[in-house]
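Q: Please take one part of this predicted model and go through it slowly. After that, set it beside the rest of the model.

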Amino acid sequence: MPFNIPILSILTFLPVLGMIITAFLPKDNIKVIRGVTVAVTALQIIFAIMVWMNFNTALPGINDMKTYQFVERFQWIRISGLPIFGNIAIDYTMGIDGISVTMIILTALISFIGAIASFSIGKQTKGYFMMYLLLVTGMMGVFCALDFFLFYIFWELMLLPMYFLIGIWGGPRREYAAIKFFIYTLFGSIFMLLAMIGLNMTTVVQVGGIQWHTFNLIDMMNPINHLPGAIFTGTLTTWRYVGYLALFLGFAIKIPMFPFHTWLPDAHVEAPTAISVILAGVLLKMGTYGILRICFGIFPDVAAATSKYMVIFGVINIVYGAFCAMAQKDLKKLIAYSSVSHMGYVLLGMAALNSQGMVGAIFQMFNHGTITAMLFLSVGVLYDRAHTRGLNEFGGLANKMPRYFAFVVICYFASLGLPGFSGFISEAFVFLGAFQVFQFWTIIATLGIILTAAYMLWALQRMFLGTLPERWEGLTDMNSREMVALLPLAVIVIFFGIYPSPILNLMTTSVNHLAALVQSATPQVIQAATTLQ
Amino acid sequence: MSFFLLDSGIPTAELTKFVNFSMGKFIPELILTAGFLFAIVLDLLIKDKNAKKLVGYFAFIVLAAAFAMSWDQLAYFHGEMKDIPKWAGGKMIFPYSQTLPAPQLISPSEGFFAPFSMVVVDNLSVIFKMIISLAGMFVVGMSLLSREVEDRGRRNGEFFSLLLAMTLGMFLMPASMDLLMMYISLELVSITSYIMAGFMKDSPRSTEASMKYVLFGAFSSGLMIYGFSILYGLTGSTNIMAIKAVLETQFLSGSVNTVALTVAVILSLVGMGYKISAAPFHFWTPDVYEGAPIPVTALLSVASKAGGFGLLMRFLFFAIPSNAQTMQPYFNWPIILAIMSALTMTLGNFAALRQSNVKRMLAYSTIAHAGYMMVALVSVGAFQRLIGQDPGSPSNAGITAILIYLISYLFTNLGAFYVIMLIANKINSEEIEDYKGFAKRSPLLAVSLSLFLVSLTGIPLTVGFIGKFYIFIAILKQPQYLWLVVVMALNSVVSLYYYVRVMQSMFIKQADAQTAPLLGEMEIQADGTLRYSMMSKIFIFVFLIPTILFGIYFTPLVDFAGNAIRFF
């Protein structure tokens, strides 16, 4: 770093500062309120770029605290008077490696885009932007936290803002959608909490002659720190399966993995455009990120033993999501289901447990973030004008809104994985990785590509080709604010489609390390090790 | 007590010292007793009905003094402790002995071991006293700002004097070492709370609440005293330490009458379960909580429940012996409690889902919270090593957890009730429907009520999360109760739904024609928000600041509650 500043904390807590400033602004000064949020998120992009520029791609991170970058570590809670609980140590530990850096760049980008897309919010603007900023803090914190307790706090911190953002500023069925989102996520995270406590009881580090039960994720990954006889000690014990599943459940709901996906279409359809963008762009990634960082990192043995089931769920997500998308008449719902389908590729890539698959998965996370953000923005553009999203109600829009059509073509084609767009690269990596391990399921999953092309092109055809219904004669093309939101994303999608190395280089070292970690814990390897002894 | 001492052959001069010593340790209770009596006199002296508030201020001072004296009794075990060396006997009044010798002088100035004592002062009871007196202070503050109480101006005085009497009873509950003392303290609390529940005697709801409370209370305390009598018959003693010793010999020799013991313990649990509103003895709770004035509801839901838990803990931990090798209680009460707690929280939460009245909903939610706290008790029972002071014993985790939970619950639940009271002051309604669009009427109240509800759900950065967190830690140390952990986890999710409904009503829904009108036209300020006095706004922060602060930095809270495991 050029300056020795706590850049991750700044990235995370800058929005809180913005929120406090917003709180003191007069209610009707909408321009300034918007301005604060846009400024804060723009600053975040600058800081994220600084992180990117100063990121050392040679350092793996994952389960090695020394190779994490931009690390900040402060003591937060130390409870040593109560031996019964063990001495509990909770630290404020922030740090990033190749997996999280891509997510941080994505979060900063999508937050900024979302802030611009939020300009159309008409009522209670002040409350909206305060909630929005709090949400951004939660998202950023999740990707930076290296202490499980801190991670959990950021994870839960997003719930309340998200509830209100959907609940107050959403569509007609917003109350139902908001509470559904809230309850689903809390359901998952309460089991995550239990697994976290179990891990805390298991993990012990010696500091200054005292045994501390730590929440540090990296310490939890090291079997040496596991207390003999504690519940998650050992390899492939029943308790480890239980712990893995408890964590996995929490993350799977967020992804959302079939059969926990039903909150997503509701939340997406009801949420305002900007929140849909955030939801699809960043929030869903927290699930897969959590699996990579926590499930794979701490329970590599169980991850390796259960990947054959994970791949099935991934394939179900891909195919089932695609079929559901095809059946939709509401454009936003279609895109919501396409999210389910696309997150399936991430699951598939992760389940492969090899470098190609995981690189593909993380890159797919990034790409899905940018592409789906575009898709939702494009829906928002239309909805703001027409106040309907019915696919069959439109036709021939291509001539009426040529600029809009151009962007829509870019994001639809990117979404269906056309070569030249970033989605193609990541999907290719995913299939490359997955085919080495699960031939059968990968072949089934490729069906998803065809289905995606089908529903995307079909939607494109219904809306943009043919004749324009008379009622839409008055539609205007995109305005400059909407261009500002969409253009950067379009550039990114095309740029990384042609030249993906900058992003891929960021993560390769870390992913190789993680893949090696998980591979070294496959049942075969464990068995071989025991026979040797 | 005294006749044993007289028989013991200790010189009279020493006895005087003993009595003086004991009385010295009884100061908080004496303050309350004197305060109660003085409050009655004060009430009679004050003629002006607007000046009756003075009794309230007086009660506040008495409670604060009792709190301060209790604080003084607390023996800090780690850090700079005040008197560890003397702690073994020095901090107990009317102390007990496990082996029932004659009363002995340990050190002339500091303490005695005396069998057949009635009340004990140890950290557990002291922390309970602090929680209770703090709750009492908050409730006095609430009452002073409550329209329901204020409207009955003439009878304000008796309200506060009754509150002091009730606090006295609640002080004695967790300190009781004798079945008779347990019964008397429980009745003292019950009888005063019957009157306070019916305080608004002009309101049918309040009268009905009081009546139901009396009927249920009389019934369950009757069952409890019956259980006690069987216990006495089995052991020949009313002192719970003596009972424990006798039961232990009976268990070892195999001469125990299991059927009679089971009946006795279950009957005793009826009375205590009624106090903490545990299922299936909870039926009075919703009606009483709904009918009683809000400050009384708040007091019942926090202080009275805390006292009940103190009593329950004393009884279960001290009267029922454990196997010295396995550390399992001879009589398997943890499983009874586990089933009860699962039932309590599930019933409480599911019943709360369908409520349309916030007060009634919170009543069911307090039932659910009692269920969570009972989970912590189960974790103590599943591995019981209390006497012997092994700080590493997992059973102690549960005791700490339950106190952390009670403290978190104190701030959160009282805060929630307080805000609801402020809202009711203006709209005279507690219906969720009438909360529609309340966020616009008073953003501060709406936001703080939401934070309290979030804390009750147990979402991080609030103290409620810390409480749940520690209960989970305590019970996860007992893997055989994993099912209970899962039940509790699922219940937390269910509880979210009804708490969020209140927020939904306040923030998302808009006020319409059906929404309750304000009590007066003068209530609205220039900017369209409701007018609240500065005092009532500041008082919110008394609850709100600890709720958030302890949620972020909970070391002091845990350390404080950790003192409780140093008992005896």
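Which strands form the open sheet of chain A, and in what order do they come?

A: The open sheet is built from 4 strands of chain A, in the order β1-β2-β4-β3. Its pairing is mixed. The two edge strands are β1 and β3 (204-207) of chain A, each of which pairs on one side only. On average, neighbouring strands of this sheet are turned by 40 degrees against each other, with direction ignored. Strands of a sheet pair through backbone hydrogen bonds, and the pairing is either parallel or antiparallel.

Take the antiparallel pairing next. Strand β1 of chain A covers residues 69-79 and is joined to β2(A) by 8 bridges, the two strands running antiparallel. Two pairs of residues show how these strands line up. Gln69(A) stands opposite Ile96(A) in β2(A), and Arg73(A) stands opposite Thr93(A) in β2(A).

The parallel pairing involves β2(A) as well. Strand β4 of chain A, residues 210-214, is joined to β2(A) by 3 bridges, and these two run parallel. Here Asn87(A) has Trp212(A) in β4(A) as its bridge partner.

Why is β2(A) described as largely enclosed? Strand β2 of chain A spans residues 87-96, and 8 of its 10 residues are buried, so the rest of the structure largely encloses the strand.

Chain A also offers a pair of helices to look at. Two packed helices are described by the angle between their axes and the distance between the axes. Helix α9 of chain A (residues 238-254) and helix α12 of chain A (residues 300-327) have axes that come within 9 Å and cross at roughly 80 degrees. α9(A) and α12(A) are therefore roughly perpendicular to each other. On the side of α9(A), the contact is made by Arg240(A), Tyr241(A) and Tyr244(A), and on the side of α12(A) by Asp301(A), Val302(A) and Ala303(A). By type, the residues of this contact divide into 4 nonpolar, no polar and 2 charged.

Now to the other chain. The secondary structure of chain B comes to 23 helices and 2 strands. Chain B has 568 residues, and 61% of them count as buried. Among its contacts between residues at least 6 apart in sequence, 79% join residues at least 24 apart.

Helix α13 of chain B (residues 284-291) is an example of a mostly covered element, with 8 of its 8 residues buried. Among these buried residues are Trp284(B), Val288(B) and Tyr289(B), and also Asp287(B) and Glu290(B). The buried residues of α13(B) pack against four helices of chain B, namely α9 (179-197), α10 (204-235), α14 (294-319) and α16 (358-381).

Lys201(B) gives a contrasting case. Lys201(B) lies in the loop between α9 and α10 of chain B. Because Lys201(B) has 12 C-beta neighbours inside 10 Å, this residue counts as exposed. Leaving aside residues up to four places away in sequence, Lys201(B) touches Ser206(B) and Thr207(B). Lys201(B) and Leu406(B) are 205 residues apart in sequence, and their C-alpha atoms are 31 Å apart in space.

The two chains also meet. Their contact takes 32 residues from chain B and 31 residues from chain A. On the side of chain B that touches chain A, α17 (394-427), α20 (463-476), α21 (482-508) and α23 (555-562) of chain B each supply at least two residues. α21(B) gives the most to this side, with 10 residues. The residues of chain B on this side divide into 22 nonpolar, 9 polar and 1 charged.

Last comes the predictor's confidence. For the complex, the predictor gives an ipTM of 0.92 and a pTM of 0.92. Chain B has a mean pLDDT of 82, and 84% of its residues reach 70 or more. Among the elements of chain B, the lowest mean pLDDT (34) belongs to helix α5 (residues 87-90) and the highest (93) to helix α19 (residues 443-457). Over residues 77-115 of chain B the pLDDT is below 50, and this stretch has 84 contacts in the model beyond near neighbours in sequence.

Methods: Residues are numbered from 1 along each chain as its sequence is written. Chains are lettered from A and ligands numbered from 1 in the order in which they are written. This is a predicted model: local features need pLDDT of at least 70, side-chain atom pairs count only at pLDDT 80 or more; totals for chains, interfaces and linings use all residues. A residue is buried if 20 or more other C-beta atoms lie within 10 Å of its own, exposed if 12 or fewer, and partly exposed in between; C-beta atoms are placed from the backbone. Two residues are in contact if their C-beta atoms, placed from the backbone, lie within 7 Å. Ala, Val, Leu, Ile, Met, Phe, Trp, Tyr, Cys and Pro count as nonpolar, Asp, Glu, Lys and Arg as charged, and the others, Gly among them, as polar. Two strands pair if DSSP finds at least two bridges between them. Axes are lines fitted to C-alpha atoms, for helices over the stretch in contact, and angles run from 0 to 180 degrees between N-to-C directions. Angles under 35 degrees count as roughly parallel, over 145 as roughly antiparallel, 65 to 115 as roughly perpendicular and the rest as oblique. pLDDT is the predictor's confidence in each residue, from 0 to 100.
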